[in-house]
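Subject: Structure handover

Hello,

Here is the structure I promised to pass on. My notes on what turned up follow below it.

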Amino acid sequence: MSDEIIWQVIDKQFCSFKLKTTKEKTFCRNEYNVTGFCNRQSCPLANSRYATVRAHPTKGTLYLYMKTIERAHMPSKLWQRIKLSQNYATALKQIDEQLIYWPKFLIHKAKQRVTRLTQVAIRMRRLAKEEARLGEKLVPKMAPKIRRREETRERKAEAAAKLERTIERELMNRLREGAYGDQPLNVSETIWKKVLNAMEREGEGKRDKDLDNGIEEEEEFEDEEEEEEVEYEQEDEEEPDGAVEYVSDFDESEDDLEDIEDWLGSDESDKEKASDSEDSEEESTKKAVGEKRKRARVIRHKPKKTARRGREIEHEHEFERQREELAF
């Protein structure tokens with residue numbers, strides 16, 4: 001389908017990303033839109049050759065996304081993603097090198113987007129430093145009703161936390177006094193560790209070194225495994241500048257994958273039910289045909305006629321009842 005036909009459908013009929021305002025401006029909610037406006041040049045759906053810049057949601061790294069018509073038949077590799085340098089001047093040079101023969105509109109808008117995202121990142125870092133220096137976070141202005149509601153919730157949460165602490169303290173004292181026996185089964189291991197550590201500090205108990213050696217070795221082994229996993233993840237995350245990668249047109253999340261799996265599973269179950277019903281219908285038809293055949297094979301013998309020696313003639317006589325005459 002040509003780009004012009006796609007734009008006619010989007011402009012004249014319907015588009016799920018279109019957002020109209022009261023000031024006669026139309027915005028686009030597509031994540032790949034380079035300007036945010038809904039027009040022919042900025043539409044990522046109606047242009048088979050398109051380029052934009054996006055930031056990573058967690059790391060803040062900038063990536064250059066490019067779409068060409070040669071990869072239109074592969075939705076999983078539709079966008080070519082190139083990591084941009086953290087240096088602003090180097091990132092602009094990378095855009096010039098990658099988009100050397102592209103339309104000037106896309107080159108200019110991509111550079112503008114890099115400039116704006118860099119300014120936003122600098123401002124966020126400045127605010128974070130200011131919050132760390134002051135030791136407090138900037139609270140947004142809230143309505144009086146919402147502020148009162150939040151204050152009452154905080155008071156109730158503090159009261160509940162105090163109550164929980166008093167209950168925990170009382171239970172710990174009972175455990176230390178032995179009110180629940182030597183070692184009750186329904187007590188978690190963390191609480192037991194707290195009790196034993198407190199008893200050891202006060203001198204009421206002694207630590208078993210043999211058991212501690214085994215526990216410490218297990219903990220050290222687990223810590224080493226966690227460190228190796230973190231190092232491996234960091235190596236994967238550290239990508240060199242200019243690294244090329246191909247991504248799909250949409251970001252798949254775990255919920256979407258689960259929904260797809262449920263949908264596929266429901267289709268398979270429907271197919272299995274349909275096949276089972278068809279098999280049962282075939283079996284029933286086969287049984288019915290077999291019963292008909294068996295019924296057809298049954299030979300009914302006619303009763304033999306007994307030879308009669310003579311004809312029997314029946315005579316019927318009708319008698320009329322005489323009416324009784326009454327004498328007057």
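Tyr32 and Tyr65 are both buried. This is a predicted model. In it, the two rings make an edge-to-face aromatic pair, with 5.7 Å centre to centre and 80° between the planes. Tyr32 sits in the loop between E2 and E3 and Tyr65 in strand E4, so the pair ties together parts that are 33 residues apart in sequence. The two tyrosines also belong to one aromatic cluster, formed by Tyr32, Tyr50, Tyr65 and Trp79.

Across the whole structure, the search gives five aromatic pairs. Another of them is Phe27 with Phe37, which is stacked: the centres are 5.4 Å apart and the planes differ by 25°. This pair also links distant parts of the chain. Phe27 is in strand E2 (residues 26-28), Phe37 is in the loop between E2 and E3, and ten residues separate them. Are these two rings buried or partly exposed? Phe27 has a relative accessible area of 30%, so it counts as partly exposed. Phe37 is partly exposed as well, at 37%.

Now the overall layout. The chain has seven helices and six strands. Their order from the N terminus is α-β-β-β-β-β-α-α-α-α-α-β-α. There are 328 residues, and 17% of them are buried. Take the contacts in the chain with a separation of 6 or more: 43% of them join residues 24 or more positions apart.

Next, the core. In soluble globular proteins, nonpolar side chains tend to be buried together. The largest nonpolar core here has 24 residues. Which of them touch the most other members? They are Met66, Trp79, Leu84, Leu99, Trp102 and Val114. Five elements each supply at least two residues of this core: strand E3 (50-55), E4, strand E5 (79-83), helix H2 (88-98) and helix H3 (104-134). E4 gives the largest share, five residues. Apart from this core lies another one, of seven residues, including Cys15, Cys28, Cys38 and Cys43.

Met66 deserves a look of its own. Met66 is in strand E4 (residues 62-67). Its relative accessible area is 5%, so it falls under the 20% cut-off and is buried. Leaving out residues up to four places away in sequence, Met66 touches Tyr50, Ala51, Arg71, Leu78, Trp79, Gln80, Ile82, Gln98, Leu99 and Trp102. Met66 and Trp79 are 13 residues apart in sequence, yet their C-alpha atoms are 5.5 Å apart in space.

Trp79 has its own list of partners. Not counting residues up to four places away in sequence, Trp79 touches Tyr32, Tyr50, Thr52, Tyr65, Met66, Lys67, Arg71, Glu245, Tyr246, Val247, Ser248 and Asp249. Among these are Tyr32, Tyr50 and Tyr65, the other members of the aromatic cluster.

Gln80 follows in strand E5. With a relative accessible area of 14%, Gln80 is buried. Beyond its neighbours within four places in sequence, Gln80 is in contact with Leu64, Tyr65, Met66, Arg71, Val244, Glu245 and Tyr246.

Thr61 is another buried residue, with a relative accessible area of 13%. Where does Thr61 lie? It is in the loop between E3 and E4. Its contacts, again leaving aside neighbours within four places in sequence, are Arg54, Ala55, His56 and Lys83.

Last, the cavities. How many cavities of 30 Å³ or more are there? The count comes to one. The largest cavity holds about 30 Å³ of space. It is lined by Cys15, Phe17, Cys28, Asn30, Cys38, Cys43, Pro44 and Leu45. Seven of the lining residues are nonpolar, one is polar and none is charged. Cys15, Cys28, Cys38 and Cys43 thus appear twice in these notes: in this lining and in the core of seven residues.

Best wishes

Notes:
Residues are numbered from 1 along each chain as its sequence is written. This is a predicted model: local features need pLDDT of at least 70, side-chain atom pairs count only at pLDDT 80 or more; totals for chains, interfaces and linings use all residues. Side-chain values use heavy atoms; hydrogens and water are left out. Helices (H or I, at least four residues) and strands (E, at least two) are DSSP runs, numbered from the N terminus. Buried means under 20% relative accessible area, exposed over 50%, partly exposed in between (1.4 Å probe, protein chains only). Contact means heavy atoms within 4.5 Å. A nonpolar core is a set of buried Ala, Val, Leu, Ile, Met, Phe, Trp, Tyr and Cys residues joined through side-chain atoms within 4.5 Å. On a 1 Å grid over the protein atoms alone, a cavity is a set of points where a 1.4 Å probe fits but cannot get out, and a pocket is an open set with protein on both sides within 12 Å along at least five of seven lines; lining residues have an atom within 4 Å of a point. Grid points are joined across faces, edges and corners, and a volume is the space filled by probe spheres set on the points. Ala, Val, Leu, Ile, Met, Phe, Trp, Tyr, Cys and Pro count as nonpolar, Asp, Glu, Lys and Arg as charged, and the others, Gly among them, as polar. Rings of Phe, Tyr and Trp (its six-membered ring) pair if their centres lie within 6.5 Å; planes under 30 degrees apart count as stacked, over 60 as edge-to-face and the rest as tilted.
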